[in-house]
Amino acid sequence: MASKFQAPRGTFDVLPEQARGRARVQRVAAEVFARAGYEPIATPAFEDTELFVRGVGRSTDIVVKEMFTFEDKGGRSLTLRPEGTAPICRAYLEHGMQKLAQPVKLFYAGPFFRHERPQAGRYRQFHQIGVEAIGTDSPLADAEVIGLLSDLLAELGVPGVELRLGSLGSPESRRGYLEELKAHLRDNEGDLSQDVRERIEINPLRAFDADDVGTQEVMRTAPTIVESLDGEDAEHFAEVRALLDAAGIAYEIDPTLVRGLDYYTRTIFSFVCEGLGAQSEVGGGGRYDGLIEQLGGPPTPAIGWAAGIERILLALGEEDAREGRDAFVAAATDEQRHRALALAAELRNAGLSAEVDLAGRGLKGQLKHADRIGARRVLILDDDGTAQLRDMDSGEQRPVDPGRALEELGA
Ligand code: HAM
């Protein structure tokens, strides 16, 4: 009878054949990060709701619509983490990491939760890998973390990746810019879609994403935030660009780039992969120079990013791959089964991958099974103390001394 239970909407099981591709992404990421001196950190799957309300922003889609929030038995409001930056800043303050040599360079991987409408590349439980460099406003850090994501995607072989770069400036200069933008929209109100017109005061940036021709025409002459950067913000952005140029990292300035979290200041970036369709961003991030102060800490500039593991796997279009086995130890008769098990253990101890039959198959069934699991060679143990080594690619079989099995199999 089919089970009446299914994984909840927007979630999925990671089956063994899919787990391998995921493990590779995490392993390569950990290697790339470790080579640059980033250290692993893990924070809880849930936090005080207020951390995200204050950190991510009260009016963001994430906080308004997408959080899995619940009350615990003590009446505290908790939320399954929708993102990792606010929790890491919380941990940075809680453990006094501002006393360490700065910046503190961290990386993480794990599940995150957002109540979004599920579609390809968008889930309610998804997985991110990410880095944060906390305690520096140097453009060198911007270039370094952007370079890490660029290197990681290249090393994994993700095709067709493009980097979009922007800068939001400081909160003050952004406020000034938004007033300018609103004025431009109001001056051209008659040509805007109703949707955009109604949101001039609430979210004028949204006009840059509009589909209708009238709004697009108005936006062609709209002021952009990148052009309106002044003083130190403009210098900082110029320096980040020069460092990326020097490192040979290609990017496109996207003056309309916006991100769905309120904590960003100055540099923001997004790595997109056109092959992904609607959910085209594999990873992105930026500076959040005011976040730690907003959470009650001292002024502490920082930058980081996160990438979606599912999006990376989709972009790689990876087939669910099974790894082969070095050897299968077959028993020609039941009497040889315990010897087969002992020999397989010996091979494993010597670092080879080896399996034996655990299901009572006859010799023919064992050979078939060895083929199914991708064993490259099968050692067949006979009753008279002899053994045969079969090469599964060529089908060739020759007698070998079972006492020399390890050497024969190249252990
Ligand atoms: P984010 O842009 O919200 O940033 O998410 C980063 C990445 O997570 C996205 O580019 C995407 O690949 C993946 N992602 C987000 N939502 C979903 C979803 N529902 N299903 C599948 N994948 C998803 C942050 O979370 C920031 N904390 C990044 C950051 C770190 N900024 C500074 N430091």
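## Exercises: sheet, ligand shell and cavity

Eight strands form an open sheet with mixed pairing, in the order 1-5-6-11-10-9-7-8. The model is a predicted one, so keep that in mind as you work through these exercises.

**Exercise 1. Which strands are the edge strands of the sheet, and what pairs with strand 1?**

Step 1. Start from the strand order, 1-5-6-11-10-9-7-8. Its two ends are the edge strands, strand 1 (39-40) and strand 8 (252-253), and each of them pairs on one side only.

Step 2. Now look at the strand 1 end. Strand 1 pairs with strand 5 (residues 104-113) in the parallel sense, over two bridges.

Step 3. To find this pairing in the viewer, go to E39: the residue opposite E39 is L106 in strand 5.

**Exercise 2. Find the polar contacts that nitrogen atoms of the ligand make with Y123, Y263 and Y264, and say which part of each residue takes part.**

Step 1. Take Y123. Here a polar backbone atom lies 2.9 Å from a ligand nitrogen.

Step 2. Turn to Y263, where an N or O atom of the side chain is 3.0 Å from a nitrogen atom of the ligand.

Step 3. Finish with Y264, again through an N or O atom in the side chain, at 2.7 Å from a nitrogen of the ligand. As for cover, the ligand taken alone exposes 660 Å², and the protein buries 96% of that.

**Exercise 3. Describe the shell around the ligand: how many residues surround the ligand, and which elements give two or more of them?**

Step 1. Count the residues: 27 surround the ligand, and the closest are E83, E116, R259, Y264 and E281.

Step 2. Sort them by class. The shell has 10 nonpolar, nine polar and eight charged residues.

Step 3. Assign them to elements. Strand 6 (125-134), strand 10 (281-287) and strand 11 (302-308) each give two or more residues to the shell. Strand 10 has the largest share, with six residues. Back in the sheet, these strands sit in the stretch 6-11-10 of the order.

**Exercise 4. What lines the largest cavity, and how do the lining residues divide by class?**

Step 1. Rolling a probe the size of a water molecule over the atoms shows where empty space is left. In this structure there is one cavity of 30 Å³ or more, and the volume of the largest cavity is about 40 Å³.

Step 2. List the lining: L168, Y177, L205, I225, P255, T256, L257 and V258.

Step 3. Classify these residues. Seven are nonpolar, one is polar and none is charged.

Notes:
Residues are numbered from 1 along each chain as its sequence is written. This is a predicted model: local features need pLDDT of at least 70, side-chain atom pairs count only at pLDDT 80 or more; totals for chains, interfaces and linings use all residues. Side-chain values use heavy atoms; hydrogens and water are left out. On a 1 Å grid over the protein atoms alone, a cavity is a set of points where a 1.4 Å probe fits but cannot get out, and a pocket is an open set with protein on both sides within 12 Å along at least five of seven lines; lining residues have an atom within 4 Å of a point. Grid points are joined across faces, edges and corners, and a volume is the space filled by probe spheres set on the points. Ala, Val, Leu, Ile, Met, Phe, Trp, Tyr, Cys and Pro count as nonpolar, Asp, Glu, Lys and Arg as charged, and the others, Gly among them, as polar. A polar contact is a pair of N or O atoms within 3.5 Å; within protein, one must be able to donate a hydrogen and the other to accept it, and residues adjacent in sequence count only if both atoms are side-chain atoms. Accessible areas come from the Shrake-Rupley method with a 1.4 Å probe; for residues, only the protein chains shown count as cover. Helices (H or I, at least four residues) and strands (E, at least two) are DSSP runs, numbered from the N terminus. Two strands pair if DSSP finds at least two bridges between them.
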